[in-house]
Amino acid sequence: MADILIAEDDPDVRKWVAVALETEGHAVRTAPDGAAALTELARERPDLLILDVMMPKVSGFEVCRNVRAKDAALPILMLTARSREEDKLTGFGMGADDYVTKPFSMKELFVRVSALLRRAALNASAPVSGESFEIGTARVDGSRMVLIHPSGEELPLAAREYELVRLLHAHAGEVLRRDYLLDSIWGVSFYGNTRTLDQHVALVRRKLGPEASRLETIRNVGYRLNEDA
């Protein structure tokens, strides 16, 4: 199956998750804090990283930031007792792929882990398009996954942020329904709620800056990227 690294400072949770994933056939490594997780990551790249947010020495956010500076493809699932939207925005902004809020059921964890591994396998086999395009005065460089403003400022785009703006740009002027965006970007097996999409839209708007008004919310329906704003 998959090689999974779990970084969790609570020994009971760490053991519970590790044993459960091992029963599913996965090879599991564990780390008791963020510093140990970075050591394990340097030793060997896993197929999936499960990160607790609040850990001693180095937080899960910092581990996620460190990973994304070097590896855009490694699936990252964050475990957290925090449920505030700002915390999730922080994690997504640093490149996390999904969130599980404690307490959680093992069934939910299994579904999310399977979805992330399946999507990673599909992405690995798909050709990289490197598609670039403009949103107003901003330019998206698909080969480098960055959004470039006229000032020269470059902002990195996480894989799903890029997919979101690419899809909206490809259908500029059209209203894309929320379920269509979730199915296209997260996959039809996505196990979660539509707040995940909203949080990614919020991150993209922050990075668009002066062009953010082009990304319009259509209440109770979805989103539209306007060529003229």
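How many salt bridges does a search of the whole structure find? The count comes to 19. Keep in mind that this is a predicted model, and let's walk through a few of these pairs before turning to a histidine and a helix.

Start with R29 and E40. Their side chains form a salt bridge in which the closest N and O atoms sit 2.8 Å apart. This one ties together distant parts of the chain: R29 belongs to strand 2, E40 belongs to helix 2 (residues 34-43), and 11 residues separate them. Both R29 and E40 are buried. The pair also has company, as D3, R29, E40 and R43 are joined in a network of salt bridges.

Now move along to helix 6 (residues 159-170). Here R166 pairs with E163 in a salt bridge, with 3.1 Å between the closest N and O atoms. The two residues are 3 apart in helix 6, so about one helical turn separates R166 from E163. As for its surroundings, E163 has a relative accessibility of 25%, which means that it counts as partly exposed.

Another salt bridge brings together the side chains of R224 and E216, at 2.9 Å from N to O. R224 comes out as partly exposed because its relative accessibility is 22%, where the buried class would need a value under 20%. E216 has a relative accessible area of 26%, so E216 is partly exposed too.

Next, back to strand 2, but this time to the stretch leading into it. H26 sits in the loop between helix 1 (11-23) and strand 2 (27-31). Is this histidine buried or exposed? With a relative accessible area of 10%, H26 is under the 20% cut-off and therefore buried. What does H26 touch, once its neighbours within four places in sequence are left aside? Its contacts are M1, A2, I4, L21, V113 and L117. A2 deserves a second look: its backbone nitrogen lies 3.3 Å from a polar atom of the H26 side chain.

Finally, take helix 8, which covers residues 195-208. Its 14 residues reach 20 Å from the first C-alpha to the last, close to the 20 Å expected at 1.5 Å a residue. Helix 8 is mostly covered, with 10 of its 14 residues buried. Among the buried ones are the charged-residue positions D198 and K207, along with L197, V201, L203, V204 and L208. T196, Q199 and H200 are buried in helix 8 as well. Just after the helix comes G209, which has a positive phi, near 55 degrees.

Key. Residues are numbered from 1 along each chain as its sequence is written. This is a predicted model: local features need pLDDT of at least 70, side-chain atom pairs count only at pLDDT 80 or more; totals for chains, interfaces and linings use all residues. Side-chain values use heavy atoms; hydrogens and water are left out. Helices (H or I, at least four residues) and strands (E, at least two) are DSSP runs, numbered from the N terminus. Buried means under 20% relative accessible area, exposed over 50%, partly exposed in between (1.4 Å probe, protein chains only). A polar contact is a pair of N or O atoms within 3.5 Å; within protein, one must be able to donate a hydrogen and the other to accept it, and residues adjacent in sequence count only if both atoms are side-chain atoms. Contact means heavy atoms within 4.5 Å. The expected span of a helix is 1.5 Å times one less than its number of residues. A salt bridge is a side-chain nitrogen of Lys or Arg within 4 Å of a carboxyl oxygen of Asp or Glu.
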